[in-house]
Amino acid sequence: MRSTLKFAVPLAVAALALGACGTTGGTSNAPAASGGAAACGDYKIGMFGALTGPNANLGIYIQNGVNLALDDYNKKHPDCKVTLENYDSQGDPTQAPALAKKAIDDKKVVGIVGPAFSGESKAANPAFAEAGLVHITPSATNPKLADNGWKTFFRVLGNDATQGPAAAKYIKDTVKATKVFVIDDASEYGKGLADIVRQDLGSTVVGNDTIQQKQTDFGASVTKVTASGADALFFGGYSPEAAPLIKQLRDAGWKGTFVVADGVKDQSFIDNAQAAAEGTIITCPCVPADVAPAFQAAYKAKFNEDPNTYSGEGYDSATILLDGIAAGKDRATMVDFVKSYDKPGVTKQLKFDAKGEVTDVKVFAYKVEGGKIVSVGEIK
Amino acid sequence: MQFLIDNFWALTITGLTLGAVYALVALGYTLVYGVLRLINFAHSEVFMYGTFAALWVVMFLGGKAGGGTGQVIFWIAMMFVAAMTMSGLIAVLLERFAYRPLRKRNAPPLIALISAVGASFVLAEVMGLREKIVAWVGLDDNLRAYVRNSRNAVGLPDIVAKEPVFTVGGYAVTNVDIFVIVGAITIMVILDQFVKRSRLGRGIRAVAQDPEAAALMGVNRDRVIQVTFLVGGVMAGAAAVFYLLRIGITRYDAGFLLGVKAFTAAVLGGIGNLRGALLGGFVLGLAENYGSAIVGTQWKDVVAFVLLIVILLFRPTGLLGESLGKARA
């Protein structure tokens, strides 16, 4: 530590001197490593998503990935560290606009990882777009988000326009279901996804239902599913509702395949549904942990568990922003930097199209087996 | 509509099991209203603490799936003991600290109502933040299994296997369905008899009818009120066990919506009327299920409250009228 200090102090002085001369170099990596009060921007990146509340697990998985990226960066740039600012929306769209304003007003924040969910994205993103604050979502999958002309919107994973058809394809080709029941939770995410599945499966859909978020008793829905004779059920929604739903269905003796999407890819689903969760198929545009072994090892070393849903995507989103900071970008110039970004990340090649969608899209299927979520391969 | 006719029995039985839970929680609202003319909005939290107590006792004793009948009976008995104790205790504490000081100072009823709403938030948030609270006391290592992810839902271990017992109209009625409906009705009959025949029950009715006259006749009002809260809490504890067996999970905010529904059931049946609470609970449970079947599950709360308004338009005091004191209930 002492030796680095000895080395860093003259460097910092040099940087100060350079700054005083009015040089604003930033093309190479060297100046960023120097730091010092004047050259260092004390930049922050924001983490926008559910960190508490019933959906907190999904937010925390992302936050862990972001923290790992920050550690990597700060190890390389010990004199000019970037810090994380948390915007805990609890996944609630009504809280999102106020948090967005808070992030915008903090001029040190040069980019946002998130918003994590689609509903809160819809509520917060217009403000970000207006303020020119770039936001890269590692998890919001509603396709319509990209159609709003928000110049600041980027998404490092496939949206539900790819996940929905993949889920439908899996139900048709692998589960080989002939009668499918579709339930959604009326949320931006769940309904959007369920509608795509309904459309793709066409006449094999034998029934539909819509439930409410926070609902716990699904007596009527269970009756509808069992009465329809469905051999597969697709649920568009999140784990707090998915767990009691499948539990009550299994209690009523329903034997079909339960298919859900990334919103349920969360250990709490298994903890709460227990035996009823077994055999559940989960589709997800998230890359399985074993695809990036180095990332997996680093994550495990820090958090003592395997990377979970969207941890890798969170890491990638943060890395893009941190690369921007290393290249001397600030809030205003960050948007163009992200737009022209093209580097391999831990989950995929990170390159965006004109609408801010990542170009390299894959959807994977997972299965609940023995109380764990295991990957059963890409849905092609 | 055809769907409702085809699945009438399935919807009826599941509606009744939910209605049984509503009814038991509704009793707490009704009893307290009867003696104090106060809507105890924190009663939903009394219920929620009961669900956690029942869950924790099973976790603590290491309950798992696959036990024999004897074990299942043991688990359920333990759940009842834990939930009723916890809920009864919370209800009594609530009365002691949130309401009695106000009553002693002759605070207007509105103040007590605000105290009720406040107590409800405090109790729910304490449960929702239990992870942090336990960490302050330094017990988080010992209690991790009970407090981790305290804002998330927690599931009851699969201690009771639901098995079909007999089939009615194409619906396989399970052991749990029967247990919940029969159990709830039995508990209500016991309560009804308690209020009707026991000395304390007579005291409750006397205070409900005319508090001052009751006091003149030597009824200890504070004691009666305390017992009323205790009885309401114990009922909520029983409801909590039935709820857990039926739904399988609970969460720190599980009481809120259920409390609103149970309060609705109490008003529907005639607040202050014990039999009304029973009837209101069952009617509401059935209406929600039938409504979900006819117009879609997302409308179930709308159906419930439209029903409430319609009934109150024609019978402003509820189905059976307000009568803890007046009638014989």
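## A walk through chains B and A

Let us start at one residue: B:Phe121 sits in helix H5 (residues 109-128) of chain B. Keep in mind as we go that this is a predicted model. Is B:Phe121 buried, exposed or partly exposed? Counting neighbours settles the matter: 13 other C-beta atoms lie within 10 Å of B:Phe121, so this residue is partly exposed, because a residue needs 20 or more to be buried and 12 or fewer to be exposed. Now look for B:Phe256. It is 135 residues away from B:Phe121 along the chain, yet the C-alpha atoms of the two are separated by 9.6 Å.

Next, step back to see chain B as a whole. It contains 14 helices and four strands. Its radius of gyration is 20 Å, close to the 20 Å that the globule rule gives for 329 residues, so chain B is as compact as a globular protein of that length. Along the principal axes, its C-alpha atoms fill a box of roughly 55 × 55 × 35 Å. Of the 329 residues in chain B, 51% are buried.

The UniProt record, an unreviewed entry, marks several stretches of chain B as "transmembrane region", among them residues 72-94 and 106-124. What does the model show there? Residues 72-94 of chain B are 100% helix and 0% strand, and the end C-alpha atoms of this span lie 32 Å apart. Residues 106-124 of chain B are 84% helix and 0% strand, with 27 Å between the end C-alpha atoms.

Now for a pair of helices. Two packed helices are described by the angle between their axes and the distance between those axes. In chain B, helix H2 (residues 8-36) packs with helix H13 (residues 274-295) at an angle of about 140°, and their axes are 7 Å apart. The contact of H2(B) with H13(B) has 16 nonpolar, nine polar and one charged residues. The crossing of these two helices, H2(B) and H13(B), is right-handed.

Follow the chain on from H2 and you reach the loop between H2 and helix H3 (43-60) of chain B, where B:Arg37 is found. Here is some background for what comes next: most residues other than glycine have a negative phi, and most peptide bonds are trans. B:Arg37 is not a glycine, but its phi is positive, at about 55°. With 13 other C-beta atoms within 10 Å, B:Arg37 is partly exposed.

Chain A has a residue of this kind too. A:Lys176 lies in the loop between helix H6 (160-174) and strand S6 (180-184) of chain A, and its phi is near 55°, a positive value in a residue other than glycine. A:Lys176 is exposed, because it has 10 other C-beta atoms within 10 Å, and 12 or fewer count as exposed.

Which residues of chain A are joined by a cis peptide bond? They are A:Gly114 and A:Pro115, with omega at about -15°. A:Pro115 belongs to the loop between strand S3 (109-113) and helix H5 (118-131) of chain A.

Our last stop is helix H12 (residues 311-326) of chain A, which lets you try a little arithmetic. At 1.5 Å a residue, its 16 residues should span 22 Å, and the end C-alpha atoms are 22 Å apart, which agrees. H12(A) is mostly covered, with 14 of its 16 residues buried. Just after H12(A) comes A:Gly328, which has a positive phi of about 80°.

Definitions and conventions: Residues are numbered from 1 along each chain as its sequence is written. Chains are lettered from A and ligands numbered from 1 in the order in which they are written. This is a predicted model: local features need pLDDT of at least 70, side-chain atom pairs count only at pLDDT 80 or more; totals for chains, interfaces and linings use all residues. UniProt positions are given in the numbering used here, feature names are shortened, and annotations may be inferred rather than shown by experiment. The expected span of a helix is 1.5 Å times one less than its number of residues. Axes are lines fitted to C-alpha atoms, for helices over the stretch in contact, and angles run from 0 to 180 degrees between N-to-C directions. A crossing is left-handed if the near helix is turned anticlockwise from the far one by less than a right angle, and right-handed if clockwise. Ala, Val, Leu, Ile, Met, Phe, Trp, Tyr, Cys and Pro count as nonpolar, Asp, Glu, Lys and Arg as charged, and the others, Gly among them, as polar. The radius of gyration is taken over C-alpha atoms; the globule rule is 2.2 Å times the number of residues to the power 0.38.
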